Amino acid sequence: SAVEALGRIGGAHAVDRLITLAGGDNFFRAFPAIEALGSAQDARAVAVLQQLLAKPLYATEAARALGKIGDLSAVQPLVRSLATAPDALVRVVAESLAAIQDAVNQGVGPLTSLSRVVREHASPTLRAKVARALSSSHGAEAVPLGRLLIWLAEAESVEDFIPLLGASDEMTRLGIEGLANLSALGDQRVLAALEAGSSELRAQL
């Protein structure tokens, strides 16, 4: 299609046109334009994608595109969108935030900036919402939620991380990281979980 062709052409003019199409009223042009903007990885698209996060029809694709762009400026709108997001969108937003973290790890910016922005713009109920989504997630989709839970962790978050211990290796690692950040590895609840767990789990500590 013409929209896909613009994505292949690339360049500033093509991105400008894709931004216009993504923000337009034509459903059949907006969707491929959103996808193409993610592939273009141009931070100028963050503004229009941020607006689309507020539209249920486009929110999921807009969140995915923001993750592909990998720019720190997308963290604030992504986190704010979580306040009203259903669990399915929470998972997509968590994946996009994890993708931005990966871009930051490659030298785009300081990692502490990302976690700070997440905490600053999180709604009071977000930690509980992420923990709920994590409890019903499995495999690869659970890992980004675990990362997000670490960024949102507070003193009372210990019980959010205990169920991660003894899950997959990656989830166990995230659980240990979250508990270590809270200085809670010696917490009686954690020790009880370790005693009830496998020798492999205890060895990871």
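**Figure 1. What follows helix α3.** Right after α3 comes Q41, and the phi of Q41 is positive, near 55°. Helices here are DSSP runs of H or I with at least four residues, strands are runs of E with at least two, and both are numbered from the N terminus. You are looking at a predicted model: local features need pLDDT of at least 70, side-chain atom pairs count only at pLDDT 80 or more, and totals for chains, interfaces and linings use all residues. Residues are numbered from 1 along each chain as its sequence is written, and side-chain values use heavy atoms, leaving out hydrogens and water.

**Figure 2. Helix α3 from its cap onwards.** At the N-terminal end of α3, N26 acts as a cap, with a side-chain oxygen 3.0 Å from the backbone nitrogen of F28. This is a polar contact (a pair of N or O atoms within 3.5 Å; within protein, one must be able to donate a hydrogen and the other to accept it, and residues adjacent in sequence count only if both atoms are side-chain atoms). Now follow the helix: the 14 residues of α3 (residues 27-40) should span 20 Å at 1.5 Å a residue, and the end C-alpha atoms are indeed 20 Å apart. The expected span is 1.5 Å times one less than the number of residues. Which residues of α3 are buried? They are A30, A33, I34, A36, L37 and G38. Buried means under 20% relative accessible area, exposed over 50%, and partly exposed in between (1.4 Å probe, protein chains only).

**Figure 3. Aromatic rings around Y58.** The whole structure holds four aromatic pairs. Rings of Phe, Tyr and Trp (its six-membered ring) pair if their centres lie within 6.5 Å; planes under 30 degrees apart count as stacked, over 60 as edge-to-face and the rest as tilted. One of the pairs is F27 with Y58: the ring centres are 6.3 Å apart and the planes meet at 35°, so this pair is tilted. F27 sits in helix α3 and Y58 in the loop between α4 (46-52) and α5 (59-69), so the pair links parts of the chain 31 residues apart. Is Y58 buried or exposed? With 8% relative accessibility, Y58 counts as buried, while F27, at 34%, counts as partly exposed. Y58 also pairs with F31: their centres are 5.3 Å apart and their planes at 45°, so this pair is tilted. That pair spans 27 residues of the chain. F31 itself is partly exposed, at 24% relative accessible area. Together, F27, F28, F31 and Y58 make one aromatic cluster.

**Figure 4. R91 and its partners.** R91 has its place in helix α7. Its relative accessible area is 16%, so R91 is buried. Setting aside neighbours within four places in sequence, R91 is in contact (heavy atoms within 4.5 Å) with A133, S136, S137, E141 and L145.

**Figure 5. Inside the largest nonpolar core.** A nonpolar core is a set of buried Ala, Val, Leu, Ile, Met, Phe, Trp, Tyr and Cys residues joined through side-chain atoms within 4.5 Å. This one has 65 residues, and L37, L49, V75, L78, L97, V118 and L148 touch the most other members. Helix α7 (residues 87-108) gives the largest share, eight residues. Look for L148: not counting residues up to four places away in sequence, L148 touches L82, A94, L97, V118 and V130. Stepping back, the protein has 14 helices and zero strands, and 45% of its 205 residues count as buried.
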